[in-house]
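Please walk me through this structure, beginning with its strands and going on to the residues packed around them. I would like to see how the individual contacts fit into the larger picture.

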Amino acid sequence: MRYVVIDRGDDHSKQLSERFHTLAAAQGFTPDEHQPDIVISIGGDGTLLEAFHKYVHLLDQVSFIGVHTGHLGFYADWQAHELDTLVMKMAEDKPQYVRYPLIEVVSNTPDGSDRYLALNEFTLKGVEGTLVASIHINDELFEMFRGDGIVVSTPSGSTAYNKSLGGAVIHPSIESLQIAEIASINNRVYRTLGSSVVLPKHHHCDIVSAKESQRLALVVDHITIERNDIRSLRCTVSDKKICFARYRPFPFWRRVRDAFLVEP
């Protein structure tokens, strides 16, 4: 088994990373940062997002495992004190592979287009003022938006920024994307639905800038891109998915319960 470890960079995570390498060597695993079979994330959800984007070009061949080193990581199946058990199961058991949907975002400018994949969500905001844009669903105008921004989330990302905006929590088996508003302005000119909208996989959404030039911040998970020439964004459910290797059951609704409802 070829593996790579991505850690958060704090002392505790670095120590666990070194411990994992020692345990993995004893089991005959091979460290390989270029062509791994499995990516181990040690830290929090931010570390897992970093690992995802680092190996996004290998999604068809890698799976991910999260080990959290602080508060409960939503994407993490394992706690720091369970590292020995994890490596033993990796050596002895066959995992169950669980795949979560992703969002594909295509940013169109006069010079061409750029394509991004998001595991949690992407956010579009105005940098120097409010965002002004029209939202089209399946090539038909849906609403005119003016406000702080728009969040488009995956089902697994529905528990993140989307949830704080009052959006619904969606099970990852439902291949969809969710559009949520950030502080929309409603008057006679700009009218929005005022609630999140869930689109199935075969639908698409276009966010079209209503200004010839407005400086926008496009945030894909934790990566921020600022530009003043974005004309539109097309959002779809990607054909690609992220794959998690599960060595024990950890249902999604238990994950939600533990993250939001169970006191530590």
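In this predicted model, a good place to begin is strand β16, residues 232–246, which is mostly covered, with 11 of its 15 residues buried. Strand β6 (residues 96–109) is joined to β16 by 12 bridges, and the two run antiparallel. Strand β13, which spans residues 205–209, is also antiparallel to β16 and is joined to it by four bridges. Two residue pairings help to locate these contacts: Val 105 has Cys 235 as its bridge partner in β16, while Ile 207 stands opposite Leu 233 of β16.

Strand β6 has a further partner in strand β7 (residues 112–118), with which it pairs in the antiparallel sense over seven bridges. These two strands, β6 and β7, make a hairpin with two residues between them. Val 105 appears here again, since its bridge partner in β7 is Tyr 116.

From the strands one can turn to the nonpolar packing. The largest nonpolar core has 26 residues, and those with the most contacts inside it include Phe 122, Leu 124, Ile 150 and Val 152, together with Leu 177, Ile 207 and Leu 233. The largest share of this core, four residues, is contributed by strand β9, residues 131–137. Leu 177 shows what such a position looks like in detail: leaving aside residues up to four places away in sequence, Leu 177 touches Ile 103, Val 152 and Ser 153, then Val 197, Val 198 and Leu 199, and finally Cys 235, Thr 236 and Val 237. A second core, separate from this one and made up of 23 residues, includes Leu 49, Val 62, Tyr 75 and Ile 242.

The cysteines deserve a separate look. A disulfide is a covalent bond between the sulfur atoms of two cysteines, and the count of disulfides in this model is zero. Cys 205 is in no disulfide, the nearest cysteine sulfur being that of Cys 235, 4.6 Å away. Because the criterion requires two sulfur atoms within 2.5 Å, a separation of 4.6 Å leaves Cys 235 likewise in no disulfide. Cys 205 counts as buried because its relative accessibility is 0%, and Cys 235 is also buried, with a relative accessible area of 0%.

Aromatic side chains add another layer, with a count of six aromatic pairs. One of them brings together Tyr 3 and Phe 20, whose ring centres are 5.3 Å apart and whose planes meet at 65°, so the pair is edge-to-face. This pair links distant parts of the chain, as Tyr 3 belongs to strand β1 (residues 2–7) and Phe 20 to helix α1 (residues 11–26), 17 residues apart. Both Tyr 3 and Phe 20 are buried. Another edge-to-face pair is formed by Phe 74 and Phe 252, with 5.8 Å from centre to centre and 85° between the planes. Here too distant parts of the chain are linked, for Phe 74 lies in the loop between β4 (63–68) and β5 (78–79), whereas Phe 252 lies in helix α5 (residues 252–260), 178 residues apart. Phe 74 counts as buried because its relative accessibility is 6%, and Phe 252 counts as buried at 4%. Phe 74 and Phe 252 belong to one aromatic cluster, whose members also include Tyr 75, Tyr 100, Phe 244 and Trp 253.

Rings in this model also take part in contacts with charged groups. The charged end of Lys 163 sits over the ring of Phe 260, 4.5 Å from the ring centre. In another such contact, the charged end of Arg 255 sits over the ring of Phe 250, at 4.0 Å from the centre.

The last stop is the backbone. Most residues other than glycine have a negative phi. Against that background, Asp 139 has a positive phi, near 70°, although Asp 139 is a residue other than glycine. Asp 139 is placed in the loop between β9 and β10 (140–153), and it counts as exposed because its relative accessible area is 55%. Ala 183, again not a glycine, has a positive phi of about 50°. Ala 183 is placed in strand β11, residues 176–184, and with a relative accessibility of 49% it counts as partly exposed.

Notes
Residues are numbered from 1 along each chain as its sequence is written. This is a predicted model: local features need pLDDT of at least 70, side-chain atom pairs count only at pLDDT 80 or more; totals for chains, interfaces and linings use all residues. Side-chain values use heavy atoms; hydrogens and water are left out. Rings of Phe, Tyr and Trp (its six-membered ring) pair if their centres lie within 6.5 Å; planes under 30 degrees apart count as stacked, over 60 as edge-to-face and the rest as tilted. Buried means under 20% relative accessible area, exposed over 50%, partly exposed in between (1.4 Å probe, protein chains only). A charge sits over a ring if NZ of Lys or CZ of Arg is within 6 Å of the ring centre and within 35 degrees of the ring normal. A nonpolar core is a set of buried Ala, Val, Leu, Ile, Met, Phe, Trp, Tyr and Cys residues joined through side-chain atoms within 4.5 Å. Contact means heavy atoms within 4.5 Å. Two strands pair if DSSP finds at least two bridges between them.
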